[in-house]
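Me: I would like a close look at one part of this model, the place where helices pack against each other. Please keep to what can be computed from the atoms, and then set that part in its surroundings.

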Amino acid sequence: MTRRAPAGGPRPGPGRRPAVGPYGYGGDGGRGGDRDAAVLWALDAVERLVAVDATRGATAALPLVRETLRLLPGPQAAPDSLSGLGSDLLAALAELYEVIGWILFDAGRYRRAHRTNARALALAELCGDRWTARLVLLNHSMLAAHTGRPRAALEAASRVRGARPLPARVAGLVHVRQAHALALLGRRTEPLELISRAQSRFLDGISRRDPHWAWWIDQTELLGHRGWVQARLRRWDRAVPLLYEAATAPGPSYRHLFTAELLSALAGAGAWREARTLIESVAPRAAGIGSVRTTETLGRTAAALRRGPDVPPGLRDAAVFLQESLPG
């Protein structure tokens with residue numbers, strides 16, 4: 001999910017942006033004042049991207065992503081070639097690429113998200129920013145699971161651990177990613193054990209060692225993932241209440257995904273009346289959903305309901321309405 005809590009404050013005008021140089025950050029290669037200005041610009045870009053993503057969704061953030069990428073080192077620049085920029089700028093760049101990778105993922109640009117995650121990880125490792133590296137690996141685990149590569153998802157989540165125990169919320173998120181991957185691999189017991197451990201770790205509370213990006217790992221996020229893992233295991237009676245609670249709680253735009261997973265669970269459970277009620281609530285605002293992952297899930301569920309032999313005619317009609325309401 002998104003990394004920094006959306007914040008206000010000044011936005012970078014022409015006077016604050018560094019002049020474009022060999023790496024997009026000023027003609028002295030990133031030294032002195034130009035480097036400091038570049039760090040401020042990168043961190044401000046992170047906040048602007050997160051704010052748009054949280055309020056309007058990933059697809060709405062794509063124009064800002066494209067604008068930002070024009071000022072970043074090109075894909076042909078090897079991460080090692082940027083080592084002279086200094087650790088503070090490298091860390092800011094790693095965080096910015098991480099946020100861009102997340103947005104590209106939620107906007108359905110999966111190959112570009114994969115490449116951007118790899119760049120974020122390389123930059124984070126180059127400057128020793130282990131916390132950003134961990135977040136990129138957790139994001140990459142979700143990307144791999146979503147694109148049908150559960151073993152890669154499991155491997156990425158496993159790389160997050162280090163010599164020291166992780167703070168509770170981060171450890172819980174590792175359990176969540178592992179639970180999704182193992183459920184996709186057909187395991188039955190381990191995903192439930194992991195998601196239960198994630199809840200236990202969350203109850204351990206906030207730690208002074210929490211990274212700054214851990215703010216979004218809250219009870220609603222965990223509820224949604226608990227329900228989603230239960231749904232992957234077709235435990236509909238457990239999945240539906242959890243997903244309903246997560247879907248109806250206030251939160252950032254990307255949590256519309258829990259609504260889509262709730263509809264899928266209702267369809268799996270054969271809860272036709274509840275599914276139709278949910279579609280009637282979602283369809284009128286479907287065009288404004290800024291998450292391609294969410295609209296893909298809604299579209300697949302609607303298509304399955306249209307084909308289902310036992311689906312009541314009224315629900316089939318509602319599914320058609322939902323498909324027609326989704327953004328093209």
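Reply: What follows goes through the packing around one helix, then an aromatic cluster and two loop residues.

The model is predicted, so local features need pLDDT of at least 70, side-chain atom pairs count only at pLDDT 80 or more, and totals for chains, interfaces and linings use all residues. Residues are numbered from 1 along each chain as its sequence is written, and side-chain values use heavy atoms, with hydrogens and water left out.

The chain holds 14 helices and zero strands. Helices (H or I, at least four residues) and strands (E, at least two) are DSSP runs, numbered from the N terminus. Of the 328 residues, 54% count as buried; buried means under 20% relative accessible area, exposed over 50%, and partly exposed in between, with a 1.4 Å probe and protein chains only. Among contacts between residues at least 6 apart in sequence, 69% join residues at least 24 apart, where contact means heavy atoms within 4.5 Å.

Two packed helices are described by the angle between their axes and the distance between the axes. Axes are lines fitted to C-alpha atoms, for helices over the stretch in contact, and angles run from 0 to 180 degrees between N-to-C directions.

Helix α6 (residues 150-158) packs in this way with α5 and with α7. The axes of α5 (residues 130-146) and α6 come within 7 Å and cross at roughly 170 degrees. The two are therefore roughly antiparallel; angles under 35 degrees count as roughly parallel, over 145 as roughly antiparallel, 65 to 115 as roughly perpendicular and the rest as oblique. On the α5 side the contact uses Leu-137, Ser-141, Ala-144 and Ala-145, and on the α6 side Pro-150, Ala-152, Ala-153, Ala-156 and Ala-157. By class these are eight nonpolar, one polar and no charged residues. Here Ala, Val, Leu, Ile, Met, Phe, Trp, Tyr, Cys and Pro count as nonpolar, Asp, Glu, Lys and Arg as charged, and the others, Gly among them, as polar.

With α7 (residues 168-184), the axis of α6 comes within 8 Å and crosses at roughly 160 degrees, which means that α6 is roughly antiparallel to α7. α6 contributes Pro-150, Ala-153, Leu-154, Ala-157 and Ser-158 to this contact, while α7 contributes Val-174, Arg-177, Gln-178, Ala-181, Leu-182 and Leu-184. These residues divide into eight nonpolar, two polar and one charged.

Elsewhere, ring pairs link Trp-102, Phe-105, Tyr-110 and Tyr-254 into a cluster. Rings of Phe, Tyr and Trp (its six-membered ring) pair if their centres lie within 6.5 Å; planes under 30 degrees apart count as stacked, over 60 as edge-to-face and the rest as tilted. The structure holds three such pairs. Trp-102 and Phe-105 are edge-to-face, 5.7 Å centre to centre with 70 degrees between the planes. They lie three residues apart in helix α3 (residues 87-106), so about one helical turn separates them. Phe-105 also pairs with Tyr-110, tilted, at 6.0 Å and 55 degrees. Phe-105 is buried at 2% relative accessibility, and Tyr-110 is buried at 18%.

Two loop residues are exposed. Arg-234, between α9 (219-232) and α10 (236-248), has 57% relative accessibility and a positive phi near 65 degrees. Gly-288, between α12 (272-282) and α13 (292-307), is exposed at 62%.
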